[in-house]
Amino acid sequence: MNAPLPTASYRIQLRDGVDFAAVRDRLDYIVGLGVSHLYLSPIFVAATGSSHGYDITDPTRIDPALGGMDGFRALARAAQARGLGIILDIVPNHTAFTLENPWLRDVLRHGAASRHAAAFDNDWQAGPLVLPFLPEPFEKLLAEGAFAVRDGLWQFGKMRLPLAPDSDPGQDLRALHEAQHWRLVHHELERDGITHRRFFNVTSLIGMRVEDPAVFDATHALILDLVRQGLVQGLRVDHVDGLADPGAYLRRLRAALPDTPVWVEKILVGDETLPDWPCTGTTGYESGRLIARLLTDAAGLARLDRIWREATGATGDFRAVLQQAKLDVLEHELAAERRQLRDMAAAAAQGSALAEPGPESLREAVTALLVAMPRYRTYLDDAADPRDAEILRAAADRAAQGLRGRTVLDLVVSLMLEPPNEAARALARRFQQVSGALLAKAQEDTAGFRWARYLAANEVGAEPDEPTITAREANEALARGRPGDMVAVSTHDSKRSGDARMRLAAISHGPEAFQALYAAASALPAAGDVAPEWRWYALQSALALWQGDAGSAAPRLADHLEKAMREAKLTSFWSSPDREAEQAAAGFAGAVLRQWQADPPPELARLLLRGAALALAQRAFHMLLPGFPDLYRGDEAPFLALTDPDNRLPLDWQALARADDPKARWTRALLKLRAEQAGFLRRASARIETPAGAVRLLRQDQDRVLGAELLYHQPPAPDARIVLRQGFADGVQLVLFWQGNN
């Protein structure tokens with residue numbers, strides 16, 4: 001890869017009123033910030049009304065809703081004229097499981113004989129493609145006359161399904177249905193009856209088999225053409241762990257585009273390092289986690305833990321909550337995937353001399369092994385790292401502790417590590433894809449909402465029970481990074497924006513202040529119908545959003561709490577919401593906001609002040625860590641947002657252009673410094689120091705040091721030349737300085 005690395009990138013979320021023309025109108029502003037690259041969410045044809053673009057229906061065309069090819073070409077040329085490269089988000093793992101998908105329509109008509117059948121990750125051996133689109137059972141709707149055949153199509157309401165070429169439209173509807181390459185079923189069957197690989201538990205997204213060279217070529221032809229035309233200068237690969245063989249995919253992509261930077265969306269757990277893949281780096285979850293841990297006060301967090309347990313009655317630890325969440329997700333959201341793994345294991349074990357497992361023992365073994373996996377996945381292939389085998393064997397040892405015997409468990413592991421047949425190789429591939437989906441759904445989208453002690457640590461790529469870090473651990477984390485890594489604190493996937501996260505980090509610096517806010521909130525009449533753990537969660541979320549206006553914050557907070565309670569899956573669920581509990585939580589949150597507006601408590605002011613200091617320190621570290629900073633649209637100024645879709649609300653671009661607060665000024669100054677000192681930053685080593693009363697990031701070459709330091713009540717080094725300084729009313733200072741020859 002010979003292309004120069006970005007100085008900084010600026011991410012734009014397309015759709016919801018933001019198309020290519022709208023972005024083109026903002027290019028002068030974006031260039032004025034000092035970034036080198038524009039980073040765009042997916043641009044390909046997506047489902048009608050898509051708000052994000054990850055539900056692609058046709059990877060061979062640019063979406064006319066955004067401006068089509070002509071609009072994109074105009075944007076790319078305008079960006080290029082201003083010195084901006086374009087990084088494009090691509091989605092090789094899945095497309096939309098919808099009738100708008102032309103390849104899928106052809107598969108519905110022709111089944112496994114379709115020229116597009118190989119593109120989709122569907123289990124044809126399980127029978128026709130299952131379509132869980134019906135609001136009630138098929139037989140009930142059939143008896144009610146809900147189905148019809150007209151113009152050669154099966155019709156149900158507005159749904160039009162293609163019939164197989166040899167269908168007889170005049171035959172009995174039940175017989176006609178059974179003669180198709182698809183089966184319409186009640187939507188509840190998606191829990192454990194679907195036959196296609198999906199994205200996590202999202203049935204409306206179907207996995208693509210890009211491991212097949214022909215499928216890779218067909219799905220990537222337009223992507224490669226855009227790069228080769230010079231319209232795109234880099235690629236971000238969405239959800240690389242969902243692929244059958246991420247390494248092989250990236251090698252094929254590098255062979256096709258040898259000089260193009262490629263970043264992968266990959267969550268690294270603990271001290272996990274990126275595999276030896278031909279890519280430029282990751283998209284930066286680990287850097288956001290590192291900064292948050294550095295800016296969390298360990299002693300204060302210990303006090304907060306005691307306060308939380310006393311206030312809510314919480315016991316135990318996060319790992320126990322996560323384990324239960326994994327079991328719950330396997331029982332419900334990923335039941336189809338577990339059933340498929342059990343069946344695949346049974347096929348792989350045929351003729352084994354190690355054991356003759358039955359379906360229940362295989363289900364038990366697969367469940368225990370998935371729950372015991374400590375990271376998203378391993379990468380077992382012909383060139384597998386021996387450490388992956390060690391991870392799987394260690395997971396088996398943990399899994400065995402809860403079983404009455406481990407014979408079948410060991411059989412499953414041996415089949416994956418030393419596959420005797422193609423069925424065993426297929427089992428290993430699918431197990432690795434499912435283990436990542438399970439950890440994502442169980443940790444990010446379930447346990448992270450159940451275990452609400454300190455929401456600053458409940459982030460994508462973070463560990464809620466590892467919220468702090470020592471200088472030694474921080475420097476080890478820096479050593480694991482790559483020069484080309486993105487550095488991100490806010491993304492479209494963030495559970496809370498960077499500034500909102502720092503508001504929450506402030507409660508580790510002032511746990512007693514938060515305790516006082518909780519006590520006052522719990523005394524409100526609206527608190528009586530809300531469980532203590534949800535009061536604690538709602539209060540943190542209110543702090544994360546608060547900007548002085550209860551009227552604007554209350555609806556956003558209510559929407560977020562509804563999502564949080566359904567994702568937690570304790571009393572309310574997406575399929576069966578507890579609206580009374582959700583409304584009670586929203587009412588409580590609104591009452592808290594109104595109380596703050598009417599009579600702002602001094603504890604709130606203290607936490608907001610410390611949160612502002614931490615947010616500015618986060619910006620300084622964001623800009624100076626090894627790699628390059630990626631800015632999420634709007635985050636160049638104060639940006640307080642909760643999880644999607646709250647973090648995709650429309651921006652006031654005119655207000656952003658006028659922003660002159662400390663964060664906006666520091667952002668522009670630091671981006672200018674990065675451009676001016678690009679050579680130094682490429683050469684300079686990085687280290688973290690945490691002397692008493694300070695957190696310090698230093699970049700150093702042979703004769704000079706560039707540093708950013710958050711100081712608690714002490715002056716900066718006397719020999720430092722101060723470049724930027726911001727003080728706060730509580731005595732905290734943030735200082736950017738040079739030492740040595742500069």
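Where do Glu 360 and Arg 363 lie, and how many residues apart are they? The close-ups below, taken from a predicted model, start with that pair.

**Close-up 1. A salt bridge within helix H13, between Glu 360 and Arg 363.** Both residues belong to helix H13, which spans residues 359–372, and they sit three residues apart, about one turn of the helix. Here the two side chains meet in a salt bridge, at 3.3 Å from N to O. Arg 363 counts as partly exposed because its relative accessibility is 25%.

**Close-up 2. Glu 422 and Arg 425 paired in helix H16.** Have a look at helix H16 (residues 422–450), where Glu 422 and Arg 425 are three residues apart, about one turn of the helix. They form a salt bridge whose closest N and O atoms are 3.1 Å apart. Glu 422 has 43% relative accessibility, so it counts as partly exposed. Arg 425 is partly exposed as well, with a relative accessible area of 34%.

**Close-up 3. Asp 635 and Lys 663 joined by a salt bridge.** In this view the side chains of Asp 635 and Lys 663 meet at 2.7 Å, N to O. Asp 635 lies in the loop between strand E18 (628–632) and helix H24 (653–658), while Lys 663 lies in helix H25 (residues 662–676), so the pair ties together parts that are 28 residues apart in sequence. Both Asp 635 and Lys 663 are buried.

**Close-up 4. A network of salt bridges.** Arg 11, Asp 89, Arg 236, Asp 238 and Glu 265 are joined into one network by salt bridges that share partners. For the wider picture, the structure holds 56 salt bridges.

Methods. Residues numbered from 1 in each chain as written. Predicted model: local features only at pLDDT ≥ 70, side-chain atom pairs only at ≥ 80, totals over all residues. Heavy atoms only, no water. Salt bridge = Lys/Arg side-chain N within 4 Å of Asp/Glu carboxyl O. Helix = DSSP H or I, 4+ residues; strand = E, 2+ residues; numbered from the N terminus. Buried < 20%, exposed > 50% of the residue type's maximum accessible area, 1.4 Å probe, protein only.
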